[in-house]
Amino acid sequence: AKRALQGKAVLFNAALEQEMANSSQVDKALRRCDYDSEFQLHFQPQFDLVKGRIIGFEALARWNSPELGAVTPDIFIPAAERAGLIRPLTQVLLGKALTAMASWPDEITLAFNLSTHDLMSPHAVESALATVRNSGIEPSRIEFEITETAMMSDFNQARRAIDQISEAGHRVSLDDFGIGYSSLQYLQLLPVSKLKIDHSFVRNILEDTAAFKIVRTLLSLSRTLGLGCVVEGVETEAQMHILRTMGARHIQGYLIGAPMPAASIPSALNQTYDF
Ligand code: C2E
Ligand code: CA
Ligand code: CA
Ligand code: CA
């Protein structure tokens with residue numbers, strides 16, 4: 001057992017070193033990159049089980065770096081935050097999302113991720129809201145996803161930002177709900193209108209009674225509080241069926257569709273789903 005543990009420690013160190021080497025490369029590449037040409041958005045469908053159709057898309061950023069190749073958002077978003085580059089990146093991405101949306105049917109909504117750093121800056125929030133205003137797109141069609149890390153770092157500023165966003169006519173959803181330090185108090189104190197149940201609970205929903213009970217409880221909590229709820233990471237029909245029996249209405253995940261380029265959206269909207 002000791003041997004195995006030592007082996008693990010070595011592996012861990014190697015992985016950590018690799019990651020640190022990569023992260024300084026990522027930081028460098030980010031500093032000199034051209035956001036507009038290197039970053040794209042993919043859009044993942046959000047599905048309404050009652051209506052039996054796609055009701056909106058979440059925008060997810062993709063970076064194709066000429067130097068590094070494809071870099072995932074779990075790497076480049078934190079890197080952009082560290083480098084103080086997230087605000088201009090958010091602005092470019094929001095612009096791209098609004099451009100894509102211009103050709104969507106009116107009833108299709110957009111979910112757009114804001115970084116905690118965006119939320120912590122009144123100026124960044126104001127520019128995002130102004131960008132939407134100038135696009136002429138109805139604010140009620142755009143919801144902003146935030147995580148509880150914002151509340152953790154400065155609750156009062158987070159609250160001001162959320163108030164400002166909702167006063168502009170947008171909905172705000174609390175992303176990755178149930179993991180990290182999400183607190184029920186936030187739900188009481190902040191005008192959020194939706195919870196997104198993290199995919200880590202859904203993964204084991206069929207095998208693990210605890211995961212099952214947690215999801216059921218979160219769904220019931222959202223109903224009790226009059227909040228909308230999106231269950232993330234739904235990959236199989238079996239998961240979808242069990243979620244439906246628990247009263248879940250909105251789902252997102254590979255079962256409906258992986259994040260796709262804007263050009264694939266019309267055919268995704270034309271597809272029929274028989275569940
Ligand atoms: P998130 O907001 O929780 O987004 C959901 C993630 O789950 C996405 O990863 C998505 O591709 C992935 N996913 C979707 N369906 C499934 C499924 O059925 N099973 C599993 N296992 N995973 C699924 P992605 O695109 O790699 O993004 C990772 C995270 O990076 C996002 O997590 C979000 O926190 C952040 N992110 C992505 N784009 C942006 C952005 O434009 N701005 C900001 N601030 N953050 C972003
Ligand atoms: Ca999200
Ligand atoms: Ca999420
Ligand atoms: Ca996440």
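Around ligand 1 there are 21 residues, and Gln 44, Ala 61, Arg 62, Glu 235 and Tyr 254 come nearest; a residue is near a molecule if one of its heavy atoms lies within 4 Å of it. This is a predicted model, in which local features need pLDDT of at least 70 and side-chain atom pairs count only at pLDDT 80 or more, while totals for chains, interfaces and linings use all residues. To find your way, note that residues are numbered from 1 along each chain as its sequence is written, that chains are lettered from A and ligands numbered from 1 in the order in which they are written, and that side-chain values use heavy atoms, with hydrogens and water left out.

Let's stay with ligand 1 for a moment. The shell around ligand 1 divides into nine nonpolar, five polar and seven charged residues; here Ala, Val, Leu, Ile, Met, Phe, Trp, Tyr, Cys and Pro count as nonpolar, Asp, Glu, Lys and Arg as charged, and the others, Gly among them, as polar. Strand 2 (53–65), helix 3 (73–82) and strand 6 each supply at least two residues of this shell, and the largest share, four residues, comes from strand 2. Helices (H or I, at least four residues) and strands (E, at least two) are DSSP runs, numbered from the N terminus.

Next, look at the calcium ions, for which donors are N, O and S atoms within 2.8 Å of the metal (3.2 Å for Na, K and Ca); water is not among the atoms, so sites may look incomplete. The calcium ion (ligand 2) is held by Glu 58 (OE), Asn 113 (OD1), Glu 145 (OE) and Asp 175 (OD), at 2.1 to 2.3 Å. Along the sequence, its donor residues follow the spacing E-x54-N-x31-E-x29-D. Two of these donors link distant parts of the chain: Glu 145 lies in strand 5 (residues 142–146) and Asp 175 in strand 6, 30 residues apart.

Which residue bridges the calcium ion (ligand 2) and the calcium ion (ligand 3)? Asp 175 does, and the two ions lie 4.1 Å apart. For the calcium ion (ligand 3), the protein donors are Asp 175 (OD), Asp 176 (OD), Glu 232 (OE) and Glu 232 (OE), 2.1 to 3.0 Å away. The spacing of its donor residues in sequence is D-D-x55-E.

Asp 176, placed in strand 6 (residues 171–177), carries the path onward. Asp 176 bridges the calcium ion (ligand 4) and the calcium ion (ligand 3), which are 4.0 Å apart. The calcium ion (ligand 4) is coordinated by Asp 176 (OD) and Asp 176 (OD), at 3.2 Å.
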